[in-house]
Amino acid sequence: MLKCFIFINKRLLDYSGKAQAQTIRARISKRFKSTAVDMEKEIKSCHRGALIVFEGVDRSGKTTQCNLLQKNLNADGGDVQLLKFPDRTTVIGQMINDYLACKKEVEDHSIHLLFSANRWESVPTMLELLNKGTTLIIDRYAFSGVAFTAAKPGFKIDWCKQPDIGLPRPDAVLYLTLSSEVAAKRGGFGIERYEQTDFQKKVASNFELLKDESWQLIDADKSVDDLHKELKNICNKTIEDVQNKPILKLWTEGEIECKTKS
Ligand code: T5A
């Protein structure tokens, strides 16, 4: 395209001085410019979105920050969607909600598998969005699943990981740290099933065992705005870094097959 443009432009030199040549040159430049913009758009649409997970103990501010990021990254021209696990809108999610709100008892192994099933039922949508370039900000993921169940008596980390093996692997896990004492002072603590300080301490020590190279520990004991600025920078960098990388599988080797667009 560029060569063609230079060639035509050279030929137009023969007409130098003629108003007609100026008009033709302007038309070609305009056409070339719009093609370049289209090409840029096409290249961008081939980039995949990033999968960014927020984890942390209860009340560390995950939901507050995820909402702000979705709003402000989109306001800057990004393509960002928010997911939250458990997703309480599905049939499985409603069973989990009743359990968390202490309205129903569910056997501990069963509830663990339901939390995992609630993630797997979102995977087709997640992959479709990632492959079309949408970045996903996820409020809790498989790490919560493991850290919370393994805090119950008789559960081992390794058993707890099994049902989530092979989920899309996050490009970044942003783990918000907050002492359980500060968390307990924040609004609403103690309403749901797992919100007791001793249990949360066990959960926090389990999260420590799940850290890998994709994790970044962020001190969440700061103002909402300061924390947001820090997280937004990390998200922008992650989106940039992973756009041409494959989507990997969680806790196992291999890539997730990318279904190319028609
Ligand atoms: N669970 C989850 C499992 O057992 N297995 C699993 O597989 C999964 C996925 C529900 C429970 O399910 C368990 C873990 C949980 O116990 P949830 O729906 O994420 O998980 O729980 P929520 O109650 O929605 O969220 P959290 O309790 O985790 O709170 P967040 O999202 O960390 O905090 P947020 O943003 O809601 O803020 C809490 C309070 O603090 C204030 C807010 O205004 C709010 O009042 N706040 C701040 N205050 C001061 N400074 C800041 N920087 C603040 N940021 C927020």
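**Notebook: helix α5, helix α7 and helix α10**

I started with a helix pair in this predicted model. The axes of helix α5 (residues 108-120) and helix α7 (residues 142-149) cross at roughly 175° and come within 10 Å. With angles over 145° counted as roughly antiparallel, I could note that α5 and α7 are therefore roughly antiparallel to each other.

Next I looked up who makes that contact. From α5 I listed Asp108, His112, Phe115, Ser116 and Arg119, and from α7 I listed Ala142, Gly145 and Thr149. What is the chemical make-up of the contact of α5 with α7? I found 2 nonpolar, 4 polar and 2 charged residues there.

**Entry on Ala142**

I stayed with Ala142, which sits in helix α7 and takes part in the contact with α5. Is Ala142 buried or exposed? I counted 27 other C-beta atoms within 10 Å of Ala142; 20 or more are needed, so this residue is buried.

Then I asked which residues Ala142 touches once its neighbours within four places in sequence are set aside. My list reads Arg119, Asp164, Leu167 and Leu250. Arg119 belongs to α5, so this ties back to the helix pair above. Leu250 caught my eye too: it lies 108 residues along the chain from Ala142, yet the two C-alpha atoms are separated by 9.1 Å.

**Entry on α10**

I moved on to helix α10 (residues 197-210) and checked its length. Its 14 residues, at 1.5 Å a residue, should span 20 Å, and I found the end C-alpha atoms 20 Å apart, which agrees.

Where do the buried residues of α10 lie around its axis? I first wrote them down: Gln200, Val203, Ala204, Asn206, Phe207 and Leu210. They cover an arc of only 165° around the axis, so they are on the same side of α10. The face turned away from that buried side carries the exposed residues Asp198, Ser205, Glu208 and Leu209.

I also looked up what the buried residues of α10 pack against. The partners are the strands β1 (51-56) and β4 (172-177), together with α7, α8 (157-161) and α9 (180-185). Helix α7 thus turns up again, having already appeared as the partner of α5.

**Entry on the whole chain**

Last, I stepped back to the chain totals. I noted 11 helices and 5 strands. Of the 262 residues, 30% count as buried. For contacts between residues at least 6 apart in sequence, I noted that 78% join residues at least 24 apart. The pairing of Ala142 with Leu250 that I wrote down earlier is one such contact, at 108 residues apart.

Notes. Residues numbered from 1 in each chain as written. Predicted model: local features only at pLDDT ≥ 70, side-chain atom pairs only at ≥ 80, totals over all residues. Axes fitted to C-alpha atoms, helices over the stretch in contact; angles between N-to-C directions. Helix = DSSP H or I, 4+ residues; strand = E, 2+ residues; numbered from the N terminus. Parallel < 35°, antiparallel > 145°, perpendicular 65-115°, else oblique. Contact = placed C-beta atoms within 7 Å. Nonpolar A, V, L, I, M, F, W, Y, C, P; charged D, E, K, R; others polar. Expected span 1.5 Å × (residues − 1). Buried ≥ 20, exposed ≤ 12 C-beta atoms within 10 Å, placed from the backbone. Arc of directions from axis to C-beta.
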